[in-house]
Amino acid sequence: MNIYDDYIKYIEENNNLLKLLENNAPTIYVLFEDVLAVLNYISEEYQKGSQLEDDLKDFFDAGYGYLTSVMTDLKMIFEDYFKKDIILLSKYANIITYFFYIEDLKCHLDAEELLTKSKQKTIDDIQQEIETILINKLEVSDDLTDKYESKISKITSSKDNYHPIYSIFALIREELNLF
């Protein structure tokens with residue numbers, strides 16, 4: 001089985017959760033929407049027998065890796081923390097989305113060799129606090145992500161050139177005219 005066939009199987013296995021998110025937790029679904037559009041396009045092109053350019057292969061590898069990583073963590077949150085209660089999950093959508101945003105940031109900083117122990121500790125502390133909130137279903141103040149963003153802005157710089165994967169895939173989707 002190749003990666004494109006594996007992707008099709010993966011989507012079939014996770015389609016119910018993806019549809020549930022799309023219909024009930026659109027704030028979380030944003031993490032996947034453009035990635036899925038691009039991956040579906042590339043997969044369909046492969047299935048048609050089209051010769052894929054190297055850029056498309058690279059996009060597919062990166063997008064599929066991101067999708068499986070985020071979905072694995074999200075399924076754990078949904079099933080273990082929220083006992084498959086989509087309404088409760090959607091109540092925490094903003095903080096869950098932020099959790100994945102800073103996880104992506106951490107990966108970016110690490111890949112760019114900018115992740116110092118201090119930066120990692122700040123991010124890890126925020127992620128641990130978010131996990132505690134999710135596990136215990138604590139109330140989330142309206143300014144919590146602002147508080148976290150203030151901490152993140154102190155450890156990053158505009159020179160880091162960070163763009164979340166889901167926003168990069170929005171640009172790729174636009175470039176491929178997949179609307």
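This passage walks through the core, one helix pairing and the salt bridges of a predicted model.

A good place to start is the inside. The largest nonpolar core takes in 58 residues, and those with the most contacts within it are Leu21, Ile28, Phe32, Leu67 and Ile96. Eight helices each give two or more residues to this core: H1 (3-24), H2 (26-47), H3 (54-81), H4 (86-91), H5 (93-111), H6 (117-136), H7 (144-155) and H8 (165-175). Helix H3 is the top contributor, with 11 residues. As background, nonpolar side chains tend to be buried together in soluble globular proteins. Leu67 gives a feel for how the core is knitted together. Setting aside neighbours within four places in sequence, Leu67 is in contact with Tyr7, Tyr10, Ile11, Phe32, Leu36 and Leu39. One of these partners, Phe32, is itself listed with Leu67 among the core residues with the most contacts.

Next comes a look at how two of the helices sit against each other. The axes of H2 and H5 are 8 Å apart, and the helices pack at an angle of about 30 degrees. Because that angle falls under 35 degrees, H2 counts as roughly parallel to H5. On the H2 side, the residues involved are Thr27, Ile28 and Leu31, and they meet Ala93, Asn94, Ile96, Thr97 and Phe100 of H5. Sorted by type, the residues of this contact come out as five nonpolar, three polar and no charged. Ile28 and Ile96 turn up here, and both also belong to the core residues with the most contacts.

Charged side chains come into the picture elsewhere. The structure holds nine salt bridges, and three of them are described here, beginning with a pair inside a single helix. Glu13 and Lys9 form a salt bridge in which the closest N and O atoms are 3.4 Å apart. These two residues are four apart in helix H1, so about one helical turn separates them. Glu13 counts as exposed, at 54% relative accessibility, while Lys9 is partly exposed, at 41%.

The second pair bridges two helices. Arg173 and Asp34 meet through their side chains in a salt bridge, at 2.8 Å from N to O. Arg173 belongs to helix H8 and Asp34 to helix H2, so this pair ties together parts that lie 139 residues apart in sequence. Both ends are tucked away: Arg173 is buried, with a relative accessible area of 14%, and Asp34 counts as buried at 15%.

The third pair joins Lys106 and Asp124, whose side chains also meet in a salt bridge, again with an N to O distance of 2.8 Å. Lys106 lies in helix H5 and Asp124 in helix H6, so the link ties together parts 18 residues apart in sequence. The two ends fall into separate classes, since Lys106 is buried, with a relative accessible area of 14%, whereas Asp124 counts as partly exposed at 28%. This bridge does not stand alone, as Glu103, Lys106 and Asp124 are linked in a network of salt bridges. Lys106 has further company too: leaving out residues up to four places away in sequence, Lys106 touches Leu115, Gln120, Ile123, Asp124 and Gln127.

Definitions and conventions
Residues are numbered from 1 along each chain as its sequence is written. This is a predicted model: local features need pLDDT of at least 70, side-chain atom pairs count only at pLDDT 80 or more; totals for chains, interfaces and linings use all residues. Side-chain values use heavy atoms; hydrogens and water are left out. Contact means heavy atoms within 4.5 Å. A nonpolar core is a set of buried Ala, Val, Leu, Ile, Met, Phe, Trp, Tyr and Cys residues joined through side-chain atoms within 4.5 Å. Buried means under 20% relative accessible area, exposed over 50%, partly exposed in between (1.4 Å probe, protein chains only). Axes are lines fitted to C-alpha atoms, for helices over the stretch in contact, and angles run from 0 to 180 degrees between N-to-C directions. Angles under 35 degrees count as roughly parallel, over 145 as roughly antiparallel, 65 to 115 as roughly perpendicular and the rest as oblique. Ala, Val, Leu, Ile, Met, Phe, Trp, Tyr, Cys and Pro count as nonpolar, Asp, Glu, Lys and Arg as charged, and the others, Gly among them, as polar. A salt bridge is a side-chain nitrogen of Lys or Arg within 4 Å of a carboxyl oxygen of Asp or Glu.
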